[in-house]
Number of protein chains: 4
Amino acid sequence: MDTQGLPVTETTQKAAEDAAQRFYASDRACQALGMKLVEAGPGRSCVTMLVRADMANGHGFCHGGVIFALADSAFAFASISHGQPTVAAGAMIDFISPARVGEHLTATAQEQWRGARTGLYDIVVTRSDHTVVAYFRGRSHAVNLTPKASPA
Amino acid sequence: MDTQGLPVTETTQKAAEDAAQRFYASDRACQALGMKLVEAGPGRSCVTMLVRADMANGHGFCHGGVIFALADSAFAFASISHGQPTVAAGAMIDFISPARVGEHLTATAQEQWRGARTGLYDIVVTRSDHTVVAYFRGRSHAVNLTPKASPA
Amino acid sequence: MDTQGLPVTETTQKAAEDAAQRFYASDRACQALGMKLVEAGPGRSCVTMLVRADMANGHGFCHGGVIFALADSAFAFASISHGQPTVAAGAMIDFISPARVGEHLTATAQEQWRGARTGLYDIVVTRSDHTVVAYFRGRSHAVNLTPKASPA
Amino acid sequence: MDTQGLPVTETTQKAAEDAAQRFYASDRACQALGMKLVEAGPGRSCVTMLVRADMANGHGFCHGGVIFALADSAFAFASISHGQPTVAAGAMIDFISPARVGEHLTATAQEQWRGARTGLYDIVVTRSDHTVVAYFRGRSHAVNLTPKASPA
């Protein structure tokens, strides 16, 4: 069952996967950061990323913005999984432990609640040994978007 | 005067600029994202970035993670300006309006409060016409870091 | 000028004061906690409260929920000042220093941004010597409410 | 097992209950707001409250500050359950649906992560039919407090 108490069927699962894959395929930032969409379903997703040397900040750790970007992408795939275009209204991130260059990070997104126009999603970013890098909570907002085919 | 009521002198201004410049020079993620450190002072900084095509998300707008990364960098430069190494403990971002490919964004960071080990910083991300893209609030934590010269 | 670039006139100032006073007069929680509405204007307000003995938590300091309630009230008065009913969608608070029983606290709210349906407000809670107790940031959402005259 | 991978034994369970009960007994704000500590364990707690008429805001719904106070109390009982004094460093709340006078609210706190000095806790506030009123996330900070026996 999803967070609105609706059953997850083969149809809704397939629709969620398709919506996430389409969004991922057109998301150039995700590609540039080497993110991979591992799986998606109604209100959930899983995205991975290798921390590259060009993602390090001045301390030699993965830049917080890159960790946020990974979590934010998982958030996006989970929130658009119901077929309605959504954008992030806002998000909060708590950094638990620094990630190092060479580490493989995984962001797992789970919908907590969804209403008519807004939703709340919790994302956890972990490394391979399952220790936590960051906790992220995002609020989505449904929109009527006409994506620009060729932005200026 | 800074947020601890101390006067900003030529010395503290110079030290803040030097600390920010050193951190910026060693921050590979900032370089890769094309960020420029425009200015820095005790508890403040200004960073700019051009939204490139490879920063767009599936809606064709600048990926929220990239906007966060810009604000987070301004936050970092402002918080390390007092000479003590700091890391981000957490942050909250509110997205106000989407940024488009080709737009020049500016993140302006201002310290609101600083204690012995923690600090609070407000960052505003604007575009060229001064309209707001996002509001960001970050909490810093002072650390004893030995940056890894050659991270694994 | 307010955050939408509109001039603050005697009319909008008077309307904001009236809206805040009406809301305050019907807000039983504010009364029960001894809050006083000191002033209000378009997108801003100021509310004070004495920390009573029955507001102390187990550490003997003012309960964080009571400090939040003070900031949240200032937020409400500022956000309803434009004549449109609003509710809090969410808020974040950073506690800077504990408040003690007997201290007079002041919450000052300032609108940062306002769109068609949502707004962002920053509230600072200080004590008499102007030192900061907490920083609060709230997001409002405009609603069509029919307040219940006699809630169940 | 708790969030640090330690087993929950009769001893740690008893210690957590005792710590929460002691804190609750000395928390005058909790008493004044009619909160009841239903249960507590290592890193978790459950607190209930009836929404009284004197907790209503100007819309006739439960004041957001009172809902926050309930969640914040559950947060406090969960975070002090390990025997170390802690305070709230900050918190974020998302209001999902308004609570009405006469409703019984329950706040359930669960530790997500705990380090040497800080911890992260998720609290959900629900009404009797299990629908959600608010989601709360709090960061705790361990302190060395000498509670004032007779605060000024």
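Two strands count as paired if DSSP finds at least two bridges between them. That criterion underlies the sheet described here, which belongs to a predicted model.

**Strand pairing in chain C.** β1(C) and β2(C), the latter spanning residues 44-50, run antiparallel and are joined by five bridges. Within this pair, C:Ala40 sits opposite C:Ser45 of β2(C).

**The sheet across chains C and D.** The pair is part of an open sheet of twelve strands with antiparallel pairing. The order starts at β1(C) and continues through β2(C), β4(C), β5(C), β6(C) and β3(C). It then passes to β3(D), followed by β6(D), β5(D), β4(D), β2(D) and β1(D). β1 of chain C and β1 of chain D are the edge strands, each pairing on one side only. On average, neighbouring strands are turned by 20 degrees against each other, direction ignored.

**A helix on the sheet.** In chain D, helix α1 (residues 10-25) lies across β1 and β2. Its direction makes an angle of about 150 degrees with β1(D).

**The contact between chains B and C.** Ten residues of chain B and ten residues of chain C form this contact. On the chain B side, the strands tabulated below each supply at least two residues.

| Strand of chain B | Residue range | Residues supplied to the side touching chain C |
|---|---|---|
| β3 | 86-95 | at least two residues |
| β4 | 104-114 | at least two residues |
| β6 | 132-142 | at least two residues |

The largest share of that side comes from β6(B), with four residues. By class, the side of chain B that touches chain C has six nonpolar residues, three charged and one polar.

How values were computed
Residues numbered from 1 in each chain as written. Chains lettered and ligands numbered in written order. Predicted model: local features only at pLDDT ≥ 70, side-chain atom pairs only at ≥ 80, totals over all residues. Contact = placed C-beta atoms within 7 Å. Nonpolar A, V, L, I, M, F, W, Y, C, P; charged D, E, K, R; others polar. Axes fitted to C-alpha atoms, helices over the stretch in contact; angles between N-to-C directions.
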